[in-house]
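The exercises below concern helix packing and aromatic ring pairs, and each task is followed by a solution in steps. Please work through each task before reading its solution.

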Amino acid sequence: MKRVVITGMGIYSCLGNGLDAVLQSLYDGKSGIIFDQARKDMGFRSALTSYLEVPDLKKELSRSQRVYMPEQAKYAYVATSEAFKNANIDMDYLESHEVGLMYGNDSSAEPVYKSISTMLEKHDTTLVGSGGIFQSMNSTVTMNLACIFKLKGMNLTVSGACASGSHAIGLGALLIRNGLQEMVVCGGAQEVNPYAVGSFDGISAFSTRESDPTKASRPFDRDRDGLVPGGGAATVILESYESAVKRGAPIIAEVLAYGFSSNGDHISVPNVDGPSRSLCMAIKEAGIDIREIGYVNAHATSTPVGDRNEAKAIANVFGDYKVEVTSTKSQTGHEMWMAGASEVIYSTLMMKNGFIAPNINFENPDEDSAKLNIPAKRVEKKFDIFLSNSFGFGGTNSTLIIKNL
């Protein structure tokens with residue numbers, strides 16, 4: 001079985017465009033959440049969202065390339081470009097090697113809305129435009145990235161709800177570990193437009209703490225009242241250790257383990273058993289003592305039931321070992337399909353720079369979060385292994401364990 005290492009990272013997030021900006025925001029405990037009046041005007045209960053601009057790619061890509069790209073594919077392009085640069089990979093390398101692609105994405109709502117609106121208004125399908133079908137498919141991110149970067153290996157979109165980005169990394173690692181690919185581009189992307197999340201708002205999933213947007217996302221806090229939607233894209237370059245050494249690549253970290261499970265229960269309400277099994281599987285596969293894990297990036301989205309059950313699962317698995325646990329969603333909101341990938345990058349940046357970002361807005365624990373070690377302020381700490389949880393609707397769970405190199 002081959003070792004799997006991370007040789008490049010790239011990110012486009014509400015915390016910043018690029019690794020340096022995101023690192024500073026994590027260190028400062030900065031929130032990327034705003035009040036969006038346009039959502040209120042549309043009838044949203046909550047107008048809260050993370051904020052980021054859709055990148056203008058006119059100077060980088062041709063019109064014929066851009067026409068197939070919805071919002072989230074543009075985020076993914078920017079993140080992936082940075083990841084390739086970070087990994088010292090150029091187009092010559094990509095065109096001469098079989099590089100795989102495994103990316104998380106589970107919606108493309110805005111292009112579907114626009115296409116249907118055009119058909120209903122104009123009564124002419126030809127006016128939808130040539131890019132409509134490619135923008136509206138869930139696989140839009142991988143089809144665009146594969147064509148733009150001339151990728152010739154595995155080409156697959158992972159649709160695993162809010163665990164999509166994490167599953168993409170885990171599955172990419174499995175391909176490399178089993179010798180099926182030497183390199184896989186992995187990550188997750190999430191559109192930020194209101195059309196993608198209106199139904200979430202309709203079931204009262206979002207925080208309504210609109211008077212103070214940066215205080216709205218409150219993972220593990222007793223007074224949390226719902227999540228805040230976010231998005232962007234995050235890309236990691238996974239590579240076999242042998243390949244990385246051969247080409248003299250900068251080796252950032254190693255993917256030690258990928259744990260997964262299904263709750264086999266309610267479609268939207270998480271339980272404790274499923275996440276616990278995902279955690280245990282990852283720890284067993286990593287072959288490490290649990291006390292070697294120096295940090296846990298929790299899935300915790302700031303929902304009452306979800307945070308409570310994850311806190312129980314972590315407490316059950318870690319027992320009397322009180323490792324630091326935080327949710328970076330306190331700063332970013334819930335980045336959904338992107339979250340599992342972005343949180344690997346957030347955690348890796350912390351690990352490489354010797355600190356744990358604060359779980360901002362954590363003021364009062366409830367009976368379950370009180371059993372965990374959740375720092376509300378930045379912790380200066382060197383650690384070499386972290387665990388990252390991602391859970392999604394339908395009861396899909398993913399746990400990754402990453403080691404510093």
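**Exercise 1.** Which residues do ring pairs link into a cluster?

Solution. The model is a predicted one, in which local features need pLDDT of at least 70 and side-chain atom pairs count only at pLDDT 80 or more, while totals for chains, interfaces and linings use all residues. Residues are numbered from 1 along each chain as its sequence is written, and side-chain values use heavy atoms, with hydrogens and water left out. Rings of Phe, Tyr and Trp (its six-membered ring) pair if their centres lie within 6.5 Å, and planes under 30 degrees apart count as stacked, over 60 as edge-to-face and the rest as tilted. By ring pairs, Y77, F84 and F149 are joined into a cluster.

**Exercise 2.** Describe the aromatic pair of Y27 and F355 by its geometry and by the burial of its two members.

Solution. The structure holds 11 aromatic pairs. In one of them, Y27 and F355 meet edge-to-face, at 5.0 Å centre to centre and with 85° between the planes. This pair links distant parts of the chain, since Y27 lies in helix α1 (residues 19-28) and F355 in strand β12 (residues 355-356), 328 residues apart; helices (H or I, at least four residues) and strands (E, at least two) are DSSP runs, numbered from the N terminus. For burial, buried means under 20% relative accessible area, exposed over 50% and partly exposed in between, with a 1.4 Å probe and protein chains only. Y27, at 30%, is therefore partly exposed, whereas F355, at 1%, is buried.

**Exercise 3.** Characterise the packing of helix α4 against helix α8.

Solution. Helix α4 (residues 71-86) and helix α8 (residues 140-148) pack at an angle of about 45°, with their axes 9 Å apart; axes are lines fitted to C-alpha atoms, for helices over the stretch in contact, and angles run from 0 to 180 degrees between N-to-C directions. Because angles under 35 degrees count as roughly parallel, over 145 as roughly antiparallel, 65 to 115 as roughly perpendicular and the rest as oblique, α4 is oblique to α8. Next, Q72, A73, A76, Y77 and T80 in α4 meet T140, V141, N144, L145 and I148 in α8, where contact means heavy atoms within 4.5 Å.

**Exercise 4.** Is α8 largely enclosed or largely open?

Solution. Of the 9 residues of α8, 7 are buried, so the helix is largely enclosed by the rest of the structure. The buried residues are T140, V141, T142, N144, L145, A146 and I148. After α8 comes K150, whose phi is positive, near 60°.
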